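This briefing is meant for a reader who is meeting the structure for the first time. Please keep the sequence and the model in view while reading the points that follow.

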Amino acid sequence: MMDLKGYIFSAVMVVSAFVLTHTWLTRFGPSDSVIVVSAMLMVGALAGMILSIEMRLRRMEQDMEKRHSSMKFALDSIEESLSTQMVKMVERTNQAMEELSKRVYR
């Protein structure tokens, strides 16, 4: 859900586009309402696009966090498995070394 701050900034953008366009056009004579409405729509579309990008970035961030936690879990289980295998291999190596030592001293 979008926060209220984003909607407020969007509304301020649209209102300021209206004020600026209307004021600028009335300096040269009567203003054309089509131009003023078009400027408001353009700024509104820009605000909507910015909000859409923000929502998409938040979703991507949440997906990355989920993937990070699942990868961490997988790596932890792999680490545990490798540790167990390494302990077994060290034990077998030690046994082999002991057998060789016993044969050499015989």
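**Two helices and their contact**

Serine 10 counts as buried because its relative accessibility is 12%, and the cut-off for buried is under 20%. The model is a predicted one, and the points below begin with this serine, which is placed in helix α1, before turning to the helices themselves.

**Two buried polar positions in α1**

- Leaving aside residues up to four places away in sequence, serine 10 touches Ala47 and Leu51, and both of these residues are listed among the buried residues of α2.
- Threonine 21 also lies in helix α1, and because its relative accessibility is 13%, threonine 21 counts as buried.
- With residues up to four places away in sequence again left out, the residues that threonine 21 touches are Ile35, Val36 and Ala39.

**The two helices**

- Helix α1 has 23 residues and reaches 33 Å from its first C-alpha to its last, which is close to the 33 Å expected at 1.5 Å a residue.
- Helix α2, which runs over residues 33-105, has 73 residues, and from its first C-alpha to its last it reaches 106 Å, close to the 108 Å expected at 1.5 Å a residue.
- The buried residues of α1 are Gly6, Ser10, Ala17, Thr21 and Leu25, and the buried residues of this helix pack against α2.
- In α2, the residues Val36, Ala39, Val43, Ala47 and Leu51 are buried, and the buried residues of α2 pack in turn against α1, which covers residues 4-26.
- An α-helix has 3.6 residues a turn, so residues three or four places apart point the same way.

**How the helices pack**

- Helices α1 and α2 pack at an angle of about 155 degrees, and their axes are 9 Å apart.
- That angle makes α1 roughly antiparallel to α2, because angles over 145 degrees count as roughly antiparallel.
- In passing α2, helix α1 makes a right-handed crossing.
- On the side of α1, the contact is made by Gly6, Tyr7, Ser10, Met13, Val14, Ala17, Phe18, Thr21, His22 and Leu25, while on the side of α2 it is made by Ile35, Val36, Ala39, Met40, Val43, Gly44, Leu46, Ala47 and Leu51.
- The residues of this contact of α1 with α2 divide into 14 nonpolar, 5 polar and no charged.

**A partly exposed position in α2**

- Methionine 55 has its place in helix α2, and because its relative accessibility is 36%, methionine 55 counts as partly exposed.
- Measuring from C-alpha to C-alpha, methionine 55 and alanine 11 are 17 Å apart in space, and they are 44 residues apart in sequence.

Note on methods. Residues numbered from 1 in each chain as written. Predicted model: local features only at pLDDT ≥ 70, side-chain atom pairs only at ≥ 80, totals over all residues. Heavy atoms only, no water. Helix = DSSP H or I, 4+ residues; strand = E, 2+ residues; numbered from the N terminus. Expected span 1.5 Å × (residues − 1). Buried < 20%, exposed > 50% of the residue type's maximum accessible area, 1.4 Å probe, protein only. Contact = heavy atoms within 4.5 Å. Axes fitted to C-alpha atoms, helices over the stretch in contact; angles between N-to-C directions. Parallel < 35°, antiparallel > 145°, perpendicular 65-115°, else oblique. Left-handed = near helix turned anticlockwise from the far one by under 90°. Nonpolar A, V, L, I, M, F, W, Y, C, P; charged D, E, K, R; others polar.
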